[in-house]
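Colleague: I am new to this structure and would be grateful for a guided introduction. May I put some questions to you once the model is in view?

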Amino acid sequence: MSDLRETYLKAIAGAGDEATLEALRVQALGKKGEISLAMRELGRMSAEERQEAGPRLNALKDEINSALAAKKQGLADAALDERLRGEWLDVTLPARPRRQGTIHPVSQVTEEVTAIFADMGFAVAEGPQIESDWYNFDALNIPGHHPARAEMDTFYTHRADGDDRPPHVLRTHTSPVQIRAMQMQGAPIRVIAPGRVYRADYDQTHTPMFHQVEGLAIDRDISMANLKWVLEEFVKAFFEVDAVDLRFRASHFPFTEPSAEVDIRCSWEGGTLKVGEGDDWLEILGSGMVHPHVLRAGGIDPEQWQGFAFGMGIDRIAMLKYGIPDLRAFFDSDLRWLRHYGFSALDQPTLHGGLSR
Ligand code: PHE
């Protein structure tokens, strides 16, 4: 019996694959296996012999079973190691140049804007791109007959025949996120809301889908002066200049009162834009103090709270900062354009690391 033990343990240790192991198992422990047969002999032994041989055979059976299991595991581990060695690849190698992607200017500028406003305590809020007309218009103090609805070249969705609820719209601005933020968090609020917006318009500076960033700050004593400071800080940080000159032009939006459009001083000398100097003015955003009707629509008491809001074109400030002449090319997915104007994926804009390099 000790021969049996040695023979099998040696064979198991030397087995090179699972099939060999299985054959050994059958040979030793299968119905007609050597050990099974030996166990059958027990019946013919005297009680004394049996008492001695029985436990020994059982122990041998257990030992061979565990040797088989251990070897099986060993083979599986070795196979896995082999596979890992074969499939190893160095993920730190740079991608092949032709496959290197770039960060789109819109993504880059959105990150830059988010970093700058985050530094001033603004969180990012979001809302859906398919919006009810209540959020896009009514709640923003633009009632059904208001000319602003027509001016916006709105895309409407269709309702099923016989369903005469007002259709949803592709949001024409990020301002509906003001209402959603008010409803969700109540006052005080400090958020920006970057995202896609839609208007039926197409020329060198307009595409039917473009990007805006909304800003909203509500507290007990927020004023136009706070708006002015925040926007000045933003423009300086964004255009990476020490001084800017902003011009607030009285304007009108249904959802703000008073309202102002904001221009920055610039020059176009030699065809390149310089921000902060020169005799030209460039409009970059609309803004104002949130209208009491709008606060009320968002569930906020205008007797207790007030605030400012602004809306800025992300694509537009991207064109300005990076000297990109045609907005339509932003969305053509032309690889040459993307490689030329795109940014490195490893260069995330931060205030301390530099916004753009
Ligand atoms: N929603 C306005 C637009 O799209 C911009 C704006 C936002 C103006 C917030 C004032 C306050 O033109």
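Modeller: Certainly; one definition is needed beforehand. A residue is called buried under 20% relative accessible area, exposed over 50%, and partly exposed in between. Please keep in mind that this is a predicted model.

Colleague: By that definition, is Ser 333 buried or exposed?

Modeller: Ser 333 sits in the loop between helix H11 (314-322) and helix H12 (335-341). Its relative accessibility is 59%. The cut-off for the upper class is over 50%, so Ser 333 counts as exposed.

Colleague: What is the sign of phi at Ser 333, and what is its value?

Modeller: Most residues other than glycine have a negative phi. Ser 333 is not a glycine, yet its phi is positive, at about 55°.

Colleague: Which class of exposure does Glu 240 fall into?

Modeller: Glu 240 belongs to the loop between helix H9 (224-239) and strand E6 (246-253). Although not a glycine, Glu 240 has a positive phi of about 55°. Its relative accessible area is 41%. Buried requires under 20% and exposed requires over 50%, so Glu 240 is partly exposed.

Colleague: Turning to the whole chain, how many helices and strands does the chain have?

Modeller: Helix H4 (residues 47-87) is one of the helices, and strand E7 (residues 256-267) is one of the strands. The secondary structure of the chain comes to 12 helices and 10 strands.

Colleague: Why is the chain described as more spread out than a compact globule?

Modeller: For 357 residues, the globule rule gives 21 Å. The chain is well over that value and is therefore more spread out than a compact globule, with a radius of gyration of 37 Å. Along the principal axes, its C-alpha atoms fill a box of roughly 115 × 55 × 45 Å.

Colleague: How many Å apart are the C-alpha centres of domain 1 and domain 2?

Modeller: The domain assignment gives domain 1 as 2-86 and domain 2 as 102-342. One pair of residues also shows a wide separation: Glu 49, in helix H4, and Ser 344 are 295 residues apart in sequence and 82 Å apart in space, C-alpha to C-alpha. For the domains themselves, the distance between C-alpha centres is 76 Å.

Colleague: Which residue before Pro 188 shares a cis peptide bond with Pro 188?

Modeller: Helix H8 (residues 176-185) has several buried residues, among them Val 177, Ile 179 and Met 182. H8 is followed by Gly 186, with a positive phi near 65°. Pro 188 then lies in the loop between H8 and strand E4 (189-198). The bond leading to Pro 188 is cis, with omega near -5°, and it comes from Ala 187.

Colleague: What is the form of the peptide bond from Glu 257 to Pro 258?

Modeller: Most peptide bonds are trans. Pro 258 is placed in strand E7, 70 residues from Pro 188 in sequence and 20 Å from it in space, C-alpha to C-alpha. With omega near -5°, the bond from Glu 257 to Pro 258 is cis.

Colleague: Which residues is Pro 258 in contact with, leaving aside its neighbours within four places in sequence?

Modeller: Pro 258 is partly exposed, with a relative accessible area of 41%. Once the neighbours within four places in sequence are left aside, the contacts of Pro 258 are Met 224, Ser 287, Gly 288 and Met 289.

Terms used: Residues are numbered from 1 along each chain as its sequence is written. This is a predicted model: local features need pLDDT of at least 70, side-chain atom pairs count only at pLDDT 80 or more; totals for chains, interfaces and linings use all residues. Side-chain values use heavy atoms; hydrogens and water are left out. Helices (H or I, at least four residues) and strands (E, at least two) are DSSP runs, numbered from the N terminus. The radius of gyration is taken over C-alpha atoms; the globule rule is 2.2 Å times the number of residues to the power 0.38. Domain bounds come from an automatic or database domain assignment. Buried means under 20% relative accessible area, exposed over 50%, partly exposed in between (1.4 Å probe, protein chains only). Contact means heavy atoms within 4.5 Å.
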